[in-house]
Structures are given as structure tokens and as C-alpha cells.
Amino acid sequence: RLINQSLNQSTNQSIEDQILILPYFYSQCTDGYTFDMERQECKDINECTTVPDACKGGMRCINHFGGYFCLPQNAQIIVSNGDDEPTVAPLVEEQRPLAPAPALPVRRVIQSPFQSQGTMQCATGFVVDELNYCRGKSKPTQLNLALLAFLIALLYSMCQVVLLEYHNGPEILTFSTSALPFCNFSFNLLVPPCLADVNECEGSNPCQHQCYNIMGSFICQCEQGYELASNQASCQDIDECAFSSYMCQWQCVNQPGGYVCACPEGYQLQGNRMCQDIDECETGNNCREDEMCWNYFGGFRCYPRNPCHEPYVKTGEGRCSCQSPTVCRGLPPSIVYKYMSISSERSVPADIFQIQATSVYPNMLNTFRVKSGNEGGEFFLRRSSNVSAMLVMTKPLTGPREHVVDLEMVTHNNALNYRSSSLLRLTIIVGPYAF
């Protein structure tokens with residue numbers, strides 16, 4: 001606290017003119033202001049220059065009375081009174097902030113017992129109040145334009161502020177809020193007539209999709225699946241299929257506002273992106289009565305119910321036997337027909353089929369081999385035990401394609417000079433896709 005005392009003791013002055021004045025200067029200012037000792041007043045602090053990196057994300061820092069706020073680089077504040085052409089308001093940092101009235105310096109005047117009533121005087125720019133304080137002459141100031149715009153935009157984003165009415169006479173804007181429990185209130189603001197907001201979203205909508213009016217401007221927003229064009233008003237479709245090749249298992253089809261996944265023939269969409277094989281043998285097929293339907297990944301095929309050819313006869317489901325040892329000399333006594341399906345480009349090595357002896361005799365030795373159908377070296381028959389072996393795929397197969405592989409099991413006993421063989425004819429259908 002600064003205390004200055006002066007006592008006029010000139011004998012040439014009358015006793016009524018002898019005044020003891022104790023000026024009290026309050027150096028305490030509200031947040032956002034600092035006390036100017038030279039001017040004896042509170043002045044605004046420009047946080048845009050004093051606060052490091054005040055605004056994030058490329059936003060522009062705008063200083064205002066007692067604080068600052070952040071706006072996009074291309075943001076403009078449009079001022080219109082409804083008659084003249086709208087003008088762009090200058091940035092807040094171009095204006096010199098004014099100190100608020102409550103923070104003005106105060107001088108206390110103490111009358112001397114020798115001073116007559118009605119002769120108290122204050123310095124230029126000060127007036128005496130009812131408590132004998134010399135207070136600065138504070139003219140009512142209108143709410144700063146940028147501060148008001150910031151306040152309304154903030155309340156709109158949090159509480160969906162709705163402008164109820166504007167009275168040009170008393171210059172009062174009335175607001176009410178909704179949406180959130182703590183937003184249930186209303187208030188009035190004293191504003192100049194030039195701040196009457198124009199709702200650009202009414203009448204001729206400047207936005208292609210949704211328009212949101214804010215104080216002094218408007219914001220366009222696009223529906224889901226669209227994004228704002230460079231003019232910030234039109235909406236253009238987002239090509240979600242260009243984001244990644246894994247959007248769909250087979251094919252991504254872009255549509256206005258979204259996308260859908262498609263599956264090839266023989267498959268149906270499972271969920272939103274996966275493709276599931278359709279079992280045509282269950283849902284309907286064109287196989288004849290003497291044919292059996294075999295479903296594979298992406299389709300189906302018809303095979304004869306009786307695959308046996310002379311000199312073999314059908315002795316069971318998919319089993320053909322030769323009834324004449326003389327006629328079948330040099331041929332396997334029996335042939336078993338089997339079918340299986342695999343997807344295209346299956347990872348290798350992969351165990352795909354197991355062959356096993358149905359009859360086991362003591363002191364008999366079984367050997368296994370791929371007799372035919374392996375000209376490209378795609379398969380290998382690995383012996384698991386004396387009575388079984390595993391067919392291993394060593395090269396990836398690309399479909400659609402059909403492989404017929406003959407797997408032979410030879411049973412022999414050297415002590416008894418016995419040798420016999422059995423043949424399993426395996427038909428492998430490779431689907432056209434990797435799923």
C-alpha cells in the first residue's frame with residue numbers, strides 16, 4: 001500500500017483550504033489483469049504472447065479482456081445489424097483491452113476537522129462517492145464482441161444454447177439452455193445492437209447436409225459416411241474401401257454414405273465382412289438320381305453313386321471289388337473312392353488325409369505310396385504306423401481344380417511269400433478362393 005501525505009501549512013491560505021488527503025491505491029487486480037503503477041490502473045494481460053503454446057492443434061490465439069480463447073485459423077466473426085452489408089470484425093488482439101470498472105484505482109478522501117463541508121475535490125478523472133472515496137469515472141462499456149462470440153459458441157457446444165429473443169430497444173439478448181442437467185438455466189446479456197446474430201441456417205441453407213448456427217457465423221456438418229469438401233459447405237462421399245484391402249473378406253463395394261461387402265458365387269455374407277460357403281447339396285442341386293452331390297468351397301459337383309467299372313462291382317458305399325482273380329490279375333483286388341475339399345492357396349505343409357488299413361493280420365507288413373496323380377510333386381505320403389499313413393500337401397494348390405490321387409497300401413509277408421494291395425482313389429476338389 002502506498003501512502004502519500006501532504007499538508008499545506010501556508011499562512012496565506014485560509015484554514016478552510018487546508019485539507020489532509022490520503023490517497024489509497026489498490027494494486028490488486030482480477031485474474032487476467034496486472035496493475036500498471038505508472039498509469040495507476042489495471043491493464044489486460046495478453047496471454048497469447050505470455051503463455052507458451054497457449055492454443056493447441058494449430059488453433060489461433062485470440063486475446064480478450066481478462067483471458068484468451070482459441071479459434072480455427074480460418075474463423076471469422078461476422079457483424080451485421082440486419083441493414084448494412086456484413087463486415088468482418090477485427091481480431092481481439094488488434095483492440096486495446098479496457099480495465100474493468102471494479103478494478104479501477106480508488107482514492108479515499110479524509111476531511112480535516114478544519115475543512116468545511118462541500119469543498120472536497122478529487123483529481124481529474126475521479127468523483128466522490130457516498131463513502132468519501134474518489135473513484136474513477138467508469139463509463140458503462142458494452143460486452144466485447146469476441147468475448148461474447150466465444151461465450152455463445154462455448155455454451156452452444158456444451159448445452160445447445162437456443163436464442164429466444166432479441167430486443168433492439170433495450171439491447172438485450174435472452175438465452176436458454178437445455179440438453180444437460182447443469183445447463184438448465186437462462187440469462188440475459190446487455191449487448192450493442194450490432195451484435196444481433198443472423199441465423200444463416202434459416203431460409204436458404206448454405207450447407208448441403210446439416211447447418212448449425214453459432215454467434216456471428218455457422219458451421220456445416222455432414223452425415224455419416226460423408227466429409228466436408230474444401231468449401232466447408234458441400235459434402236462428399238468417403239470411399240471407405242480405399243482405407244484398407246481388409247475391409248471385406250472378398251470384395252468391398254463403396255456406396256453413397258457407406259459401403260457393403262460382397263461375396264462371390266457359391267458364398268453368402270456372414271456378418272458384415274466374412275463370406276461363408278453355401279452347401280448347395282443341402283439347399284438344392286441339379287444332380288440326377290443316380291448321382292451323389294459333393295459340396296466343395298464355392299460350389300458342388302455330381303459324382304456317380306456307383307463309381308465301379310468292369311471288372312469291378314460295387315460291394316459297399318464307394319467300394320468296388322474284383323470278383324474274378326483271373327480277370328483281376330495284376331490289378332488291386334479292391335478300390336475305395338473318397339472325396340475331399342480344400343480351399344485355394346492353403347498354407348503348406350499341411351496334413352490333409354489319413355489312410356488306414358481296415359483289416360490287420362499278424363506278421364503282416366504294410367507299406368504305403370502315392371501310386372499316381374502326383375506328377376507335380378504336390379503330395380507326400382508319410383507312414384504313421386504299420387496300419388496307417390498321412391497324406392501331406394507339400395505345395396499350395398490353386399483352384400478351381402480337381403486332383404485325383406491313387407494311394408496304395410501293399411501288404412506282404414516274406415516268410416509266407418504273400419503279397420496283396422488295396423487302392424484308395426482320392427478326389428481332391430480345390431475351391432477358387434482362399435476361404
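This is a guided tour of one protein chain, to be followed in a viewer by selecting each named part in turn.

**The whole chain**

Begin with everything selected, and keep in mind throughout that this is a predicted model. If you colour by secondary structure, you should find three helices and 32 strands in the protein chain. Of the 435 residues in the chain, 35% are buried, and the accessible surface comes to about 26,700 Å², of which 50% belongs to carbon and sulfur atoms. Among the contacts with a separation of 6 or more, 42% are between residues that are 24 or more positions apart. Before you move on, display the cysteine side chains, since a search of the whole structure finds 13 disulfides, and three of these links will serve as stops on the tour.

**Residues 197-236**

Now select residues 197-236, which UniProt lists, in an unreviewed entry, as "domain: EGF-like". The span is 0% helix and 38% strand, and its end C-alpha atoms lie 29 Å apart.

Within this span, pick out Cys207 and Cys220, which are joined by a disulfide with a distance of 1.9 Å from S to S. Because the torsion about their S-S bond is about -75 degrees, this disulfide is left-handed. Cys207 lies in the loop between strand 13 (186-190) and strand 14 (210-214), while Cys220 belongs to strand 15 (residues 217-221), so the pair ties together parts that are 13 residues apart in sequence. If you switch on a surface here, remember that both Cys207 and Cys220 are buried.

**Residues 237-276**

Next select residues 237-276, which the same unreviewed UniProt entry also lists under "domain: EGF-like". Here the chain is 0% helix and 45% strand, with the end C-alpha atoms 29 Å apart.

Which cysteine is joined to Cys263 by a disulfide? The partner is Cys275, at 2.1 Å from S to S, and the link, with -95 degrees about the S-S bond, is left-handed. Since Cys263 sits in the loop between strand 19 (258-262) and strand 20 (267-270), and Cys275 in strand 21 (residues 274-277), the pair ties together parts that are twelve residues apart in sequence. Cys263 and Cys275 are both buried.

**A hairpin: strands 22 and 23**

Continue along the chain to strand 22 (residues 291-296), which pairs with strand 23 in the antiparallel sense over six bridges. To follow one of these pairings residue by residue, select Met292, whose bridge partner in strand 23 is Tyr303. Then look at the turn of this hairpin, where two residues lie between the strands and Gly298 takes a positive phi near 100 degrees.

**Cys308 and Cys320**

For the last stop, select Cys308 and Cys320, which are joined by a disulfide with 1.7 Å from S to S. The torsion about the S-S bond is about -90 degrees, and therefore this disulfide is left-handed. Strand 23 (299-304), which you have just visited in the hairpin, comes before the loop that holds Cys308, and strand 24 (312-316) follows that loop; Cys320 lies in strand 25 (residues 319-322), so the pair ties together parts that are twelve residues apart in sequence.

Are these two cysteines, Cys308 and Cys320, buried or exposed? A residue counts as buried when its relative accessible area is under 20%. Cys308 is buried because its relative accessible area is 12%, and Cys320 is buried because its relative accessible area is 1%.

Definitions and conventions. Residues are numbered from 1 along each chain as its sequence is written. This is a predicted model: local features need pLDDT of at least 70, side-chain atom pairs count only at pLDDT 80 or more; totals for chains, interfaces and linings use all residues. Side-chain values use heavy atoms; hydrogens and water are left out. Helices (H or I, at least four residues) and strands (E, at least two) are DSSP runs, numbered from the N terminus. Buried means under 20% relative accessible area, exposed over 50%, partly exposed in between (1.4 Å probe, protein chains only). Contact means heavy atoms within 4.5 Å. Accessible areas come from the Shrake-Rupley method with a 1.4 Å probe; for residues, only the protein chains shown count as cover. A disulfide is a pair of cysteine sulfur atoms within 2.5 Å. UniProt positions are given in the numbering used here, feature names are shortened, and annotations may be inferred rather than shown by experiment. Two strands pair if DSSP finds at least two bridges between them.
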